[in-house]
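Here are a few exercises to work through with the model open beside you. Try each task before you read its solution.

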Protein chains: 2
Amino acid sequence: MAPPVPALMSEIGQRARAAMRVLALVPAEAKSAALRAAAAAIRTAGRGILAANALDLAEMRAAGRASSFIDRATLDPGRIEAMARGVDEIADLPDPVGRVLARFERPNGLLIERVSTPLGVVGVIYESRPNVTADAAALCLMAGNAAILRSGSETLRTAEAIAAAMARGIAEAGLPVDAVQLVPTRDRAAVGEMLAGLGGTVDVIVPRGGRSLVERVQSEARVPVFAHLEGLCHVFVHGQADLAMATGIVLNAKMRRTGVCGAAETLLVDRACADTHLTPLVEALLQAGCEVRGDEVVRAVDPRVAAASEADWSTEYLDAIISARVVDGLDGALAHIDRYSSHHTDAIVTADDAAAARFLAEVDSAIVLHNASTQFADGGEFGFGGEIGIATGRMHARGPVGVEQLTSFKYRIHGSGQTRPS
Amino acid sequence: MAPPVPALMSEIGQRARAAMRVLALVPAEAKSAALRAAAAAIRTAGRGILAANALDLAEMRAAGRASSFIDRATLDPGRIEAMARGVDEIADLPDPVGRVLARFERPNGLLIERVSTPLGVVGVIYESRPNVTADAAALCLMAGNAAILRSGSETLRTAEAIAAAMARGIAEAGLPVDAVQLVPTRDRAAVGEMLAGLGGTVDVIVPRGGRSLVERVQSEARVPVFAHLEGLCHVFVHGQADLAMATGIVLNAKMRRTGVCGAAETLLVDRACADTHLTPLVEALLQAGCEVRGDEVVRAVDPRVAAASEADWSTEYLDAIISARVVDGLDGALAHIDRYSSHHTDAIVTADDAAAARFLAEVDSAIVLHNASTQFADGGEFGFGGEIGIATGRMHARGPVGVEQLTSFKYRIHGSGQTRPS
């Protein structure tokens, strides 16, 4: 009989804590070697992983899950190789632990260093996406953290096969097998236990999934959370924007992939260039197959433009739909964004550097861009070698959360007998 | 009639949020000027502040409060001048906002900058220490944050007089008067409202006070907290320690001020030097008026040494009492500290650099020192120009929380029309 969930989870927390102590002191080469061994083990276990995945997929089909959901959960040899390659790439990153972040000598001769350390134990709660198991485990381990992974229950077999392969690799390389633990139950009570912090053993929770998962995590977690609820991203085409550049950026920001959090959801066009820019921008979007919901001025451009309701300005479509309106200059754009942005990623297109500087300073979002697509909101595009998520909070991590953001720091002080005067 | 507490606090949160938006964009000179004006206003208001303080003190005496408590709450002209000078010193700090923390160019030509920004709205909940009002307000404002201050209720009049003076100075200098708001009620429900985040307007809570306050904040807060529960700090005298240096450091770490969180609470002596070092260390402590509670070996040194119980190893005395034991080398010390340390500050005294390096790497505390007193655990001693507290968590801030730790960051991306390939 399986142990009750609280006892099971408490045991997992204790094991993670013990593994964390070892991992914190492991040199970079050992972590890289363990990840390379894990990647190799994923390749070796490919057939077993596919077999487990086939069982999960059969159950999903029997349960009548949507084909898009099943697609995302489906592995094939190419996706397994991509997963293994992702782990290898994380193994190649420079060690995020032990960096001297600051170093200063005090008048009394004390030398003070701020040095990066692991965060500790990271709990990752995700939906049925098999690659997250490998990604999250590798990022946590490279940053010296122990990971507790809670997979979406419908891909639990797949996740177990991947995690077991990685654990074999990690153990072969001599690191603690509990560095990466997968929660071995579908019982949702396990999520509640993680959000309560497993008796103080979990340092941070990272949710990866849709709005309902993230909302539950944010409202229930008793430990810090790196999360973004949604990416309600704006592109503002300023009066001084080059039309060709603006068209390219707007199309890419909206249509490259509509389902990612960095996809644009709202187009703001400066009244100063509406006469020349609005029609070509709207026509380009319509032509690309994007539904446009606009204010009155935008609707006048083309009969296919639907009327935007108030709700549209705060809707993350994650689809080929965009809301569009004309605003009065930079100030109008800033006011709209301040009201509706989810503080994720917002962009301005302009040839006016002063306007760009104000936009970058005043928009309170994790990522602000000048003359570039919002779809660059991605740890890989930042050169972080992958990300465990994108944070829209202001605490600790903001923007793409890569290995560097999965660290903390401590102060090392070197003295020669100093005592503090009264 | 006063408005009900939830409505009052919600209003305070909204005002803080509005002030925060302005503060985030204010140049350093304006913040410095506002703080200098606030310091001048504190000096000008000195007599009024003392009159308010006299009313608070009379009430405390009538309520039969302990004299040590009343002492800490008592202002005099010297303490008011020290408070104003503290604010002036914070005004002189370099701007913590707008620092380029990282800057990298991507192969596609995107230039990515990580730039420091304010955290937002900081809630400070403290006990009856008048100087915290001025310190906390100044640190928050210099970092571009709006502050909501909840003073201990017994010094509320004093805090109101100080906050009102600072608000006058801040307003004269042209910054939003709501940059610093003091909660104007003794009702404890106001604390509950702050811990709940005032409808999403509070970004972080900093408790400053004793264990029961910090425990309440940590267990009830629905927003991030910078806190340390206690400073259970160790000094380990390693086998290769110079006796004179060890004696100086141990005496200073324990006795310079016994009531501060960086005061040592436990002395660990390496068995390898116990024969030569233990007696002089214990005698020096006893001679300085410190009660020593030891294991059997330590008790054998002097009949005045009491027996340490298991509870002593996890007791933060904040008094002239120290627990002391002999451990088996560096590994013995590391094991003891791992078990009992509060992850605040721990020190090793040794001439052996390899032992020191292991200690600094393996002790999982915010501050680790080699050949220096634990009493250096202080933002001022770090050159931070003051601190709002010392954090023992691993998220965002760790160790002394100065203006730099009261910031967040954002990514500014400069492009020339880049779009992301599919």
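A word on terms: copies are superposed by least squares on the C-alpha atoms of residues with pLDDT of at least 70 in both. This is a predicted model, in which local features need pLDDT of at least 70, side-chain atom pairs count only at pLDDT 80 or more, and totals for chains, interfaces and linings use all residues. Residues are numbered from 1 along each chain as its sequence is written, chains are lettered from A in the order in which they are written, and side-chain values use heavy atoms, with hydrogens and water left out.

**Exercise 1. Work out which relation links chain B to chain A.**

Step 1: superpose chain B on chain A; that takes a rotation of 180° with 0.0 Å of shift along the axis, and the RMSD is 0.1 Å.
Step 2: name the relation, which is that of a two-fold axis.
Step 3: look for the C-alpha of chain B nearest the axis; B:H396 has it, 2.0 Å away.
Step 4: check the interface (contact means heavy atoms within 4.5 Å). 100% of the interface residues of chain B are also interface residues in chain A, so the copies meet through the same surface.

**Exercise 2. Describe how α2(A) packs on α7(A).**

Step 1: find the helices, which are DSSP runs (H or I, at least four residues) numbered from the N terminus. In chain A, α2 covers residues 28–44 and α7 covers residues 156–172.
Step 2: take the axes, lines fitted to C-alpha atoms over the stretch in contact, with angles from 0 to 180 degrees between N-to-C directions. The two axes come within 7 Å and cross at roughly 135°.
Step 3: classify the angle (under 35 degrees is roughly parallel, over 145 roughly antiparallel, 65 to 115 roughly perpendicular, the rest oblique). That makes α2(A) oblique to α7(A).
Step 4: list who touches whom; A:A34, A:A37, A:A38, A:A41 and A:I42 meet A:I162, A:A165, A:M166, A:G169 and A:I170.
Step 5: sort these by class (Ala, Val, Leu, Ile, Met, Phe, Trp, Tyr, Cys and Pro are nonpolar, Asp, Glu, Lys and Arg charged, and the others, Gly among them, polar). You get nine nonpolar, one polar and no charged.

**Exercise 3. Do the same for α13(B) and α14(B).**

Step 1: α13(B) (residues 329–340) and α14(B) (residues 353–362) have axes 11 Å apart, at an angle of about 15°.
Step 2: that makes α13(B) roughly parallel to α14(B).
Step 3: B:L330, B:D331, B:L334 and B:I337 of α13(B) meet B:A355, B:R358, B:F359 and B:E362 of α14(B).
Step 4: the class split is five nonpolar, no polar and three charged.

**Exercise 4. Now classify α3(B) against α7(B).**

Step 1: the axes of α3(B) (residues 46–62) and α7(B) (residues 156–172) come within 7 Å and cross at roughly 165°.
Step 2: this makes α3(B) roughly antiparallel to α7(B).
Step 3: count the contact by class, and you find six nonpolar, three polar and three charged residues.

Note on methods
Helix = DSSP H or I, 4+ residues; strand = E, 2+ residues; numbered from the N terminus.
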